[in-house]
Amino acid sequence: MSKDAVHSAQAASRTDVARVPADAGDAGYSKDLKARHVNMIAIGGAIGTGLFLGAGGRLHTAGPALALAYLVCGVFAFFVVRALGELVLYRPSSGSFVSYAREFLGEKGAYVAGWMYFLNWSTTGIADITAIALYTHYWSLFTDIPQWTLALIALAVVLAVNLISVKIFGEMEFWFAIIKVATLVGFMLIGIFLLATQHEVDGGTPGPSVITDNGGVLPHGVMPVVLVMQGVIFAYAALELVGVAAGETAEPERVVPRAVNSIMWRVGLFYVGSVVLLALLLPGSVYSADESPFVTVLSKIGLPAAGDVMNLVVLTAAMSSLNSGLYSTGRILRSMATAGSAPKFTARMNRSQVPYGGILLTCAVCVLGVGLNYLMPSQAFEIVLNVASLGVISTWVIIMICHLVFVRRARAGLVTRPSFRLPFSPATEITTVAFLLACLGMMWNDPEVGRRTLLLIPVIAALLVGGWFGIRRRVERTADRELTDLTD
C-alpha cells in the first residue's frame, strides 16, 4: 500500500472522527481526566526523584552551575512538550507521539518510537521499584524485609490502582503532585527565611559568600557540568505524559495549552530556584548522592524529623513515576497493537476502559526487575537507569522530528496547524535534536557508566531491526485491512 493511499485514508477518516478515529488505538477510552488531573500530571512529570534525590550528587559534582544545567535542559524540555502540545491540538490521541510517528514517519517510525518508549518506562519502572524498596528500608520497621519483597509489594499496589480506572490514576497523580509541590514550596520558604535572617547553617552564614568562598560557580570546571547534562535530562523525563493524558480528557484544546505553558515557569521556580537556594545555603561539597539535598540542609539546622518527611516525599515521587509509567505504556502499546507492531493482547481493555494488556506487559518486565533486586540489590538501580536514559532521548528526538514533518506538511497545505504553536520552527526542532544528540555523545566522556550505556545502542538497534522483520507482514496486513474498512 502506498504512502499516498495511507495519507488519503487518514484524511478521509478525519472528516468523520465521530464515526472512525484517526488512530484505531484511540477507540474505546473514557474521557474521565479533568483539567486539574492533567495540570497535576504536568507538574508531576516535571518534579520527581531527579530533583528530590539526584540533585545532591549533581551539586557535589558540578557545583552551583548545576542551576544553569537545569535551566538549559529545562528550556529544551519545554520545546519538546510545546511541540507535542501542538500535535495534540492537531489531533488528540492516547497513542500520543507513537500515533503521530505513524502518520508523519510511517509505520517503521511508530515501531521505533513505541518500543524505545517501552524500553524507557519498563526500565524506569525497575528503577522505581528498586528506589521504593531502598527508601522503605530507611525506616527500622522495614529493614528486615528483603529488598525484592518490598519491590514486589510496591509493584502490586500501583498495578492495582492502574487497572481500576483512569479516574483513579488521575486522582492518585493529583495527590502525589500536591505532596511534591507542597514539600518544595515549604523548603523554599525555609531557605528564603534562612537567607533573609542570615541564620547559621552548619556553622556558616548563608548567602553568595558560600559560593565565592568555595570555588565559585564552577568549582570543578566546565566538564563536570557537561557530564551531568544527561542525568538532568532524565530528571525531566515524563513531561511527555501530558500528550498521552490528553487522549482521555474531554477538552484537550482548553486543557493542554494551559498545562504545557505552565511547565516553563515550574521548571524555573522549582528546579532552578531550588538548586540556587541549595547552593546559597551550603557548599556543594557537603551534598551527597546518598542523601536528598533537602534532608542535608534541614538536618544541618536541626529540624526534627526532616529525614522522615523527605524520605516519605521521595518515596511518593518514585511511586508517582511507577504509576505514570504503567499508565503511559499501556496506552502506547495499545496504539501499536492495533497497527500490528505490538502483541495482540496489549490491545485488550477491561470494563473500566483501561488497556490492561499493555500495562501487564510492562509489569512483567518490572517483575524481572524484582529478580534483579534479588540477585544484585546494590547494582540494580544504576544498571536500569542508564538504559532508560537512551529511551528518554530517543523519544524526545522522535517527537521533534514528527513536528518538523508536520510543519512541512502544513506549509504544503496538507494539514492545518493549530493556533497553539512551537515558535521559530524549523530552527527550534533542529537545535533541540542537535542538543539531545550532543548530550548522548557526551556520555562517552564517562568511562564508568556513560560509555557502557552507549555501547548498548548497537545491541538495541539489532533487536529493533530483528523485531521489525519479524512483524512487518502483520503490520502490512493490518494497514491493508484498515484501508479497506475506510474506503468501504
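## Exercises on a helical chain

Glu 107 and Arg 102 are both buried (buried is under 20% relative accessible area, exposed over 50%, partly exposed in between, with a 1.4 Å probe and protein chains only). Keep that pair in mind for Exercise 2. This is a predicted model, where local features need pLDDT of at least 70 and side-chain atom pairs count only at pLDDT 80 or more, while totals for chains, interfaces and linings use all residues. Residues are numbered from 1 along each chain as its sequence is written, and side-chain values use heavy atoms, with hydrogens and water left out.

### Exercise 1: the whole chain

Task: work out which secondary structure elements the protein chain has, and how much of the chain is buried.

Step 1. Count the elements: there are 21 helices and zero strands. Helices (H or I, at least four residues) and strands (E, at least two) are DSSP runs, numbered from the N terminus.

Step 2. Now burial: of the 488 residues, 57% are buried.

Step 3. Check the surface. The accessible area is about 19600 Å², and carbon and sulfur atoms own 65% of that (Shrake-Rupley method, 1.4 Å probe; for residues, only the protein chains shown count as cover).

Step 4. Finish with contacts, meaning heavy atoms within 4.5 Å. Take those with a separation of 6 or more: 80% of them join residues 24 or more positions apart.

### Exercise 2: salt bridges

Task: find how many salt bridges the structure holds, then say where Arg 91 and Glu 103 sit.

Step 1. Apply the cut-off: a side-chain nitrogen of Lys or Arg within 4 Å of a carboxyl oxygen of Asp or Glu. That gives six salt bridges.

Step 2. One of them pairs Arg 91 with Glu 103, at 2.9 Å from N to O. Arg 91 is in the loop between α5 (66-90) and α6 (96-105), while Glu 103 is in helix α6, twelve residues apart.

Step 3. Look at the burial of both partners. Arg 91 has a relative accessible area of 6%, so it is buried; Glu 103 is at 3%, so it is buried too.

Step 4. Back to the opening pair: Glu 107 and Arg 102 form a salt bridge, with their closest N and O atoms 3.2 Å apart.

Step 5. Try Arg 473 and Glu 476, whose closest N and O atoms are 3.6 Å apart in another salt bridge. These two are three residues apart in helix α21 (residues 456-487), so about one helical turn separates them. Glu 476 is partly exposed, because its relative accessibility is 42%.

### Exercise 3: how α5 meets α6

Task: decide whether α5 is roughly parallel or roughly perpendicular to α6.

Step 1. Get the geometry: the axes come within 11 Å and cross at roughly 75 degrees. Axes here are lines fitted to C-alpha atoms, for helices over the stretch in contact, with angles running from 0 to 180 degrees between N-to-C directions.

Step 2. Classify. Under 35 degrees is roughly parallel, over 145 roughly antiparallel, 65 to 115 roughly perpendicular and the rest oblique. So α5 is roughly perpendicular to α6.

Step 3. List the residues: Leu 84, Leu 87, Val 88 and Tyr 90 of α5 meet Ser 96, Phe 97, Tyr 100, Glu 103 and Phe 104 of α6.

Step 4. Sort them: seven are nonpolar, one is polar and one is charged. The scheme takes Ala, Val, Leu, Ile, Met, Phe, Trp, Tyr, Cys and Pro as nonpolar, Asp, Glu, Lys and Arg as charged, and the others, Gly among them, as polar.

### Exercise 4: odd backbone spots

Task: say where Phe 424 and Pro 426 lie, and what is unusual about the backbone there.

Step 1. Recall the baseline: most residues other than glycine have a negative phi, and most peptide bonds are trans.

Step 2. Phe 424 is not a glycine, yet its phi is positive, about 60 degrees. Phe 424 lies in the loop between α18 and α19 and is exposed, because its relative accessible area is 69%.

Step 3. The peptide bond from Ser 425 to Pro 426 is cis, with omega near 10 degrees. Pro 426 is found in the loop between α18 (380-411) and α19 (427-442).

### Exercise 5: His 403

Task: is His 403 buried or exposed, and which residues does it touch?

Step 1. His 403 is in helix α18, and it is buried, because its relative accessible area is 0%.

Step 2. Leaving out residues up to four places away in sequence, His 403 touches Ala 83, Glu 86, Leu 87, Arg 417, Leu 422, Ser 425 and Glu 429.

Step 3. Take Ala 83 from that list: His 403 and Ala 83 are 320 residues apart in sequence, with 6.2 Å between their C-alpha atoms.
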